[in-house]
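Trainee: I should be grateful for a close look at one loop of this model, followed by an account of how its surroundings are built. Please state the cut-offs behind each term as you go.

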Amino acid sequence: MRILHLSDTHLERTDAPNRHGVDATGSLRLMLAALRHQRDVDAVVVTGDLANDGAVEAYTVLRELVGEFARTWNAPVLYTTGNHDEREAFAKVLGSGHLDPDGTDRAEATSGSGERAAVSTVGGYRLVTLDSLVPGEVYGRLGAAQLEWLREVLRTPAERGTVLAFHHPPVTLDVPTQRAFGLLNPDDLADAVRDTDVRVILTGHFHLQLFGFLERTPVWVTPGVVNRIDLTARPGTERAVRGASASLVELGGPSGPMFHTFHAPDPRAHEPVYELDDERTREFLDRFGPRG
Ligand SMILES: [Fe+2]
(Lines give C-alpha, C1' and ligand atoms only; values in the text may rest on other atoms or scores of the structure.)
Protein backbone atom coordinates (compact mmCIF):
# COMPACT_ATOMS: atom_id res chain seq x y z
CA MET A 1 0.00 0.00 0.00
CA ARG A 2 1.54 3.28 -1.13
CA ILE A 3 -0.01 6.58 -0.11
CA LEU A 4 1.13 9.97 -1.40
CA HIS A 5 0.54 12.30 1.52
CA LEU A 6 0.22 16.03 0.91
CA SER A 7 -0.88 18.76 3.31
CA ASP A 8 -1.31 22.48 3.85
CA THR A 9 -1.71 23.65 0.28
CA HIS A 10 -3.33 26.92 1.54
CA LEU A 11 -4.69 27.76 -1.92
CA GLU A 12 -6.03 31.28 -2.38
CA ARG A 13 -9.18 32.37 -4.19
CA THR A 14 -7.03 33.47 -7.15
CA ASP A 15 -3.57 32.70 -8.51
CA ALA A 16 -2.23 35.95 -7.01
CA PRO A 17 0.61 35.60 -4.49
CA ASN A 18 -0.51 35.31 -0.85
CA ARG A 19 0.18 38.01 1.75
CA HIS A 20 3.71 36.63 2.22
CA GLY A 21 4.42 36.83 -1.52
CA VAL A 22 4.16 33.06 -2.11
CA ASP A 23 2.18 31.69 -5.07
CA ALA A 24 0.42 28.78 -3.30
CA THR A 25 -0.99 27.29 -6.50
CA GLY A 26 2.45 27.50 -8.10
CA SER A 27 3.93 25.71 -5.10
CA LEU A 28 1.38 22.88 -5.48
CA ARG A 29 2.01 22.63 -9.24
CA LEU A 30 5.76 22.40 -8.61
CA MET A 31 5.26 19.63 -6.02
CA LEU A 32 2.91 17.61 -8.23
CA ALA A 33 5.26 17.93 -11.22
CA ALA A 34 8.11 16.58 -9.07
CA LEU A 35 6.00 13.55 -8.08
CA ARG A 36 5.07 12.56 -11.63
CA HIS A 37 7.57 9.67 -11.80
CA GLN A 38 6.11 7.88 -8.74
CA ARG A 39 4.68 4.45 -9.43
CA ASP A 40 2.11 2.15 -7.83
CA VAL A 41 0.35 4.85 -5.86
CA ASP A 42 -2.81 3.40 -4.29
CA ALA A 43 -4.22 6.59 -2.76
CA VAL A 44 -3.51 10.30 -2.39
CA VAL A 45 -4.29 11.84 1.01
CA VAL A 46 -4.40 15.62 1.64
CA THR A 47 -4.59 16.46 5.34
CA GLY A 48 -6.13 19.90 5.54
CA ASP A 49 -5.55 23.62 5.25
CA LEU A 50 -6.55 23.01 1.66
CA ALA A 51 -7.87 26.55 1.14
CA ASN A 52 -6.28 29.48 2.96
CA ASP A 53 -9.59 31.26 3.59
CA GLY A 54 -12.09 28.49 2.84
CA ALA A 55 -13.06 29.77 -0.65
CA VAL A 56 -15.05 27.53 -3.01
CA GLU A 57 -12.76 28.66 -5.87
CA ALA A 58 -9.70 27.34 -4.01
CA TYR A 59 -11.28 23.90 -3.36
CA THR A 60 -12.25 23.72 -7.03
CA VAL A 61 -8.70 24.38 -8.24
CA LEU A 62 -7.35 21.85 -5.71
CA ARG A 63 -9.82 19.17 -6.79
CA GLU A 64 -8.87 19.72 -10.44
CA LEU A 65 -5.08 19.74 -9.93
CA VAL A 66 -4.85 16.85 -7.46
CA GLY A 67 -7.62 14.88 -9.20
CA GLU A 68 -5.88 15.07 -12.57
CA PHE A 69 -2.60 14.03 -10.95
CA ALA A 70 -4.17 11.05 -9.12
CA ARG A 71 -5.92 9.83 -12.28
CA THR A 72 -2.53 8.87 -13.75
CA TRP A 73 -2.52 5.98 -11.20
CA ASN A 74 -6.28 5.58 -11.13
CA ALA A 75 -5.97 6.40 -7.41
CA PRO A 76 -8.69 7.88 -5.17
CA VAL A 77 -8.05 11.16 -3.34
CA LEU A 78 -9.00 11.69 0.31
CA TYR A 79 -9.19 15.21 1.73
CA THR A 80 -9.58 16.37 5.33
CA THR A 81 -10.36 19.76 6.85
CA GLY A 82 -7.78 21.96 8.61
CA ASN A 83 -8.05 25.09 10.73
CA HIS A 84 -8.09 27.33 7.62
CA ASP A 85 -10.88 25.32 5.98
CA GLU A 86 -14.59 25.99 5.92
CA ARG A 87 -16.88 22.97 6.21
CA GLU A 88 -19.67 24.19 3.94
CA ALA A 89 -17.37 25.14 1.05
CA PHE A 90 -15.35 21.94 1.56
CA ALA A 91 -18.49 19.79 1.26
CA LYS A 92 -19.84 21.77 -1.67
CA VAL A 93 -16.76 20.94 -3.77
CA LEU A 94 -15.32 17.79 -2.20
CA GLY A 95 -18.42 16.13 -0.72
CA SER A 96 -17.35 13.72 2.02
CA GLY A 97 -13.73 14.35 1.00
CA HIS A 98 -13.33 10.80 -0.40
CA LEU A 99 -13.32 10.97 -4.22
CA ASP A 100 -12.84 8.28 -6.83
CA PRO A 101 -10.60 9.04 -9.83
CA ASP A 102 -13.68 10.03 -11.85
CA GLY A 103 -14.72 12.47 -9.10
CA THR A 104 -17.54 10.37 -7.62
CA ASP A 105 -17.92 10.35 -3.86
CA ARG A 106 -16.66 6.97 -2.59
CA ALA A 107 -17.37 7.28 1.17
CA GLU A 108 -18.95 4.20 2.74
CA ALA A 109 -19.98 6.15 5.85
CA THR A 110 -19.72 9.66 7.27
CA SER A 111 -19.91 10.92 10.84
CA GLY A 112 -22.80 13.32 10.19
CA SER A 113 -23.38 16.19 12.66
CA GLY A 114 -21.80 18.70 10.22
CA GLU A 115 -18.24 17.43 10.70
CA ARG A 116 -16.36 16.14 7.65
CA ALA A 117 -15.29 12.70 8.85
CA ALA A 118 -15.65 9.74 6.48
CA VAL A 119 -14.50 6.22 5.77
CA SER A 120 -13.74 4.26 2.60
CA THR A 121 -11.69 1.17 1.74
CA VAL A 122 -8.65 1.04 -0.55
CA GLY A 123 -6.83 -2.24 -1.24
CA GLY A 124 -8.16 -3.87 1.94
CA TYR A 125 -7.16 -0.88 4.12
CA ARG A 126 -9.83 1.15 5.81
CA LEU A 127 -9.02 4.85 5.38
CA VAL A 128 -10.73 7.10 7.91
CA THR A 129 -10.56 10.89 7.64
CA LEU A 130 -11.40 12.86 10.79
CA ASP A 131 -12.32 16.52 11.23
CA SER A 132 -10.23 18.25 13.93
CA LEU A 133 -11.28 21.77 12.89
CA VAL A 134 -12.49 24.12 15.64
CA PRO A 135 -13.96 27.12 13.78
CA GLY A 136 -12.02 30.33 14.46
CA GLU A 137 -9.16 28.56 16.27
CA VAL A 138 -5.67 27.49 15.19
CA TYR A 139 -5.56 24.47 17.50
CA GLY A 140 -7.65 21.36 16.88
CA ARG A 141 -9.91 19.06 18.82
CA LEU A 142 -11.82 15.84 18.10
CA GLY A 143 -15.28 16.10 19.61
CA ALA A 144 -16.89 13.39 21.75
CA ALA A 145 -19.53 12.53 19.14
CA GLN A 146 -16.92 12.11 16.39
CA LEU A 147 -14.74 9.93 18.64
CA GLU A 148 -17.78 7.81 19.47
CA TRP A 149 -18.42 7.42 15.73
CA LEU A 150 -14.75 6.42 15.28
CA ARG A 151 -15.03 3.78 18.04
CA GLU A 152 -18.06 2.36 16.26
CA VAL A 153 -16.18 2.25 12.91
CA LEU A 154 -13.16 0.55 14.51
CA ARG A 155 -15.25 -2.05 16.34
CA THR A 156 -14.92 -4.43 13.36
CA PRO A 157 -11.31 -4.86 12.13
CA ALA A 158 -10.66 -4.19 8.43
CA GLU A 159 -9.03 -6.78 6.17
CA ARG A 160 -5.54 -5.17 6.33
CA GLY A 161 -5.97 -2.54 9.04
CA THR A 162 -6.94 1.11 9.34
CA VAL A 163 -5.25 4.40 8.46
CA LEU A 164 -6.44 7.57 10.23
CA ALA A 165 -5.89 10.94 8.54
CA PHE A 166 -6.65 14.42 9.92
CA HIS A 167 -5.03 17.84 10.30
CA HIS A 168 -3.80 18.51 13.86
CA PRO A 169 -0.95 16.28 15.14
CA PRO A 170 -1.54 14.48 18.45
CA VAL A 171 2.25 14.58 19.05
CA THR A 172 4.45 17.68 19.41
CA LEU A 173 8.04 18.68 19.95
CA ASP A 174 8.82 21.00 22.85
CA VAL A 175 8.16 24.04 20.64
CA PRO A 176 5.67 26.60 22.07
CA THR A 177 3.68 26.97 18.84
CA GLN A 178 3.37 23.19 18.40
CA ARG A 179 2.35 22.74 22.05
CA ALA A 180 -0.31 25.44 21.72
CA PHE A 181 -1.67 24.61 18.28
CA GLY A 182 -1.65 20.80 17.96
CA LEU A 183 -4.53 18.49 18.81
CA LEU A 184 -5.80 19.55 22.25
CA ASN A 185 -7.13 16.14 23.27
CA PRO A 186 -4.63 13.46 22.18
CA ASP A 187 -5.54 11.32 25.22
CA ASP A 188 -9.15 11.00 24.04
CA LEU A 189 -7.92 9.85 20.63
CA ALA A 190 -5.44 7.42 22.22
CA ASP A 191 -8.34 5.97 24.16
CA ALA A 192 -10.38 5.45 20.98
CA VAL A 193 -7.58 3.75 19.00
CA ARG A 194 -6.12 1.60 21.81
CA ASP A 195 -6.29 -2.13 20.95
CA THR A 196 -7.77 -1.47 17.49
CA ASP A 197 -6.39 -2.19 14.00
CA VAL A 198 -5.15 1.40 13.42
CA ARG A 199 -1.72 1.03 11.75
CA VAL A 200 -0.77 4.68 11.34
CA ILE A 201 -2.05 8.22 11.90
CA LEU A 202 -1.34 10.76 9.12
CA THR A 203 -1.43 14.49 9.92
CA GLY A 204 -0.11 17.89 8.74
CA HIS A 205 -0.50 21.43 10.14
CA PHE A 206 3.06 21.97 11.47
CA HIS A 207 4.57 22.48 7.98
CA LEU A 208 7.52 20.20 8.80
CA GLN A 209 8.09 16.47 8.95
CA LEU A 210 7.90 14.80 12.34
CA PHE A 211 7.46 11.24 13.57
CA GLY A 212 6.31 9.98 16.96
CA PHE A 213 3.94 7.60 18.69
CA LEU A 214 0.52 8.05 20.22
CA GLU A 215 0.94 5.25 22.76
CA ARG A 216 1.72 2.36 20.35
CA THR A 217 0.35 3.91 17.16
CA PRO A 218 2.84 5.53 14.74
CA VAL A 219 2.07 9.18 13.94
CA TRP A 220 3.44 10.94 10.86
CA VAL A 221 3.37 14.69 10.36
CA THR A 222 3.93 15.49 6.68
CA PRO A 223 5.56 18.82 5.76
CA GLY A 224 3.52 21.53 4.01
CA VAL A 225 3.16 22.30 0.34
CA VAL A 226 2.85 26.10 0.71
CA ASN A 227 6.00 26.63 2.84
CA ARG A 228 8.21 25.05 5.49
CA ILE A 229 8.62 25.98 9.16
CA ASP A 230 12.35 26.08 9.88
CA LEU A 231 13.19 24.94 13.41
CA THR A 232 16.79 26.12 13.11
CA ALA A 233 15.32 29.54 14.03
CA ARG A 234 16.13 30.83 17.52
CA PRO A 235 13.83 29.24 20.16
CA GLY A 236 10.83 31.45 20.94
CA THR A 237 10.75 32.83 17.36
CA GLU A 238 9.20 31.39 14.22
CA ARG A 239 10.59 31.30 10.69
CA ALA A 240 8.85 30.05 7.55
CA VAL A 241 10.87 29.45 4.41
CA ARG A 242 10.02 28.66 0.80
CA GLY A 243 9.89 25.10 -0.47
CA ALA A 244 7.14 22.50 -0.98
CA SER A 245 7.42 18.97 0.41
CA ALA A 246 5.27 15.82 0.44
CA SER A 247 5.53 12.25 1.74
CA LEU A 248 5.36 8.69 0.56
CA VAL A 249 3.84 6.37 3.17
CA GLU A 250 4.35 2.67 2.56
CA LEU A 251 2.33 0.16 4.56
CA GLY A 252 2.13 -3.59 4.70
CA GLY A 253 5.72 -4.57 3.86
CA PRO A 254 8.03 -6.23 6.39
CA SER A 255 9.34 -2.84 7.57
CA GLY A 256 6.19 -0.75 7.37
CA PRO A 257 5.01 1.77 8.02
CA MET A 258 7.80 3.60 6.18
CA PHE A 259 7.91 7.32 5.46
CA HIS A 260 9.88 9.25 2.87
CA THR A 261 9.88 13.01 2.28
CA PHE A 262 10.07 14.54 -1.22
CA HIS A 263 11.15 18.14 -1.85
CA ALA A 264 10.07 20.12 -4.91
CA PRO A 265 13.06 21.45 -6.89
CA ASP A 266 12.33 25.10 -6.14
CA PRO A 267 15.28 27.41 -6.98
CA ARG A 268 14.06 29.73 -4.21
CA ALA A 269 13.73 26.98 -1.57
CA HIS A 270 14.93 28.00 1.93
CA GLU A 271 14.45 31.73 1.27
CA PRO A 272 12.61 33.28 4.25
CA VAL A 273 8.84 33.77 3.79
CA TYR A 274 8.20 35.40 7.17
CA GLU A 275 9.95 35.66 10.51
CA LEU A 276 8.29 36.36 13.84
CA ASP A 277 10.60 37.70 16.55
CA ASP A 278 10.10 36.75 20.22
CA GLU A 279 7.54 39.47 20.82
CA ARG A 280 5.40 38.70 17.78
CA THR A 281 5.56 34.95 18.47
CA ARG A 282 4.35 35.64 22.04
CA GLU A 283 1.56 37.87 20.71
CA PHE A 284 0.50 35.11 18.31
CA LEU A 285 0.45 32.57 21.15
CA ASP A 286 -1.49 34.94 23.43
CA ARG A 287 -4.02 35.72 20.73
CA PHE A 288 -4.69 32.25 19.36
CA GLY A 289 -3.45 29.84 22.03
CA PRO A 290 -5.99 27.81 24.01
CA ARG A 291 -7.63 29.80 26.81
CA GLY A 292 -8.54 28.63 30.27
FE1 LIG B 1 -3.09 24.23 9.86
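Mentor: Asp197 is located in the loop between α6 and β9 (198-203); helices here are DSSP runs of H or I with at least four residues, strands are runs of E with at least two, and both are numbered from the N terminus. The model is a predicted one, in which local features need pLDDT of at least 70 and side-chain atom pairs count only at pLDDT 80 or more, while totals for chains, interfaces and linings use all residues. Residue numbers run from 1 along each chain as its sequence is written.

Asp197 has 15 C-beta neighbours inside 10 Å and therefore counts as partly exposed. On this scale, 20 or more other C-beta atoms within 10 Å make a residue buried, 12 or fewer make it exposed, and values in between make it partly exposed, with C-beta atoms placed from the backbone. Leaving out residues up to four places away in sequence, Asp197 touches Pro157, Ala158, Gly161 and Thr162; a contact requires C-beta atoms, placed from the backbone, to lie within 7 Å. Leu276 is 79 residues from Asp197 along the chain, and their C-alpha atoms are separated by 41 Å.

The helix that precedes this loop has a partner. The axes of α4 (residues 144-154) and α6 (residues 186-193) come within 9 Å and cross at roughly 20°. These axes are lines fitted to C-alpha atoms, for helices over the stretch in contact, and the angles run from 0 to 180 degrees between N-to-C directions. α4 and α6 are therefore roughly parallel, the class for angles under 35 degrees; over 145 counts as roughly antiparallel, 65 to 115 as roughly perpendicular and the rest as oblique. The crossing of α4 and α6 is right-handed, meaning that the near helix is turned clockwise from the far one, whereas an anticlockwise turn by less than a right angle would be left-handed. Leu147, Leu150 and Arg151 of α4 meet Asp188, Leu189 and Ala192 of α6. By class, this contact holds four nonpolar, no polar and two charged residues, where Ala, Val, Leu, Ile, Met, Phe, Trp, Tyr, Cys and Pro are nonpolar, Asp, Glu, Lys and Arg are charged, and the others, Gly among them, are polar.

Further along the chain, Thr217 belongs to strand β11 (residues 217-221). Thr217 has 19 other C-beta atoms within 10 Å, so it is partly exposed. Apart from neighbours within four places in sequence, Thr217 is in contact with Val193, Val198 and Ile201. Val193 falls within the range of α6, and the range of β9 takes in Val198 and Ile201.

Two other loops offer a comparison in backbone geometry. Asp8, in the loop between β1 (2-6) and α1 (24-34), is not a glycine yet has a positive phi of about 50°; with 28 C-beta neighbours inside 10 Å, it counts as buried. Asn74, in the loop between α2 and β3 (77-80), likewise has a positive phi, of about 55°, but is exposed, with 11 other C-beta atoms within 10 Å.

As for the setting, the protein contains seven helices and 16 strands. Of its 292 residues, 45% count as buried. Among contacts with a separation of 6 or more, 68% join residues 24 or more positions apart.

Definitions and conventions: Contact = placed C-beta atoms within 7 Å.
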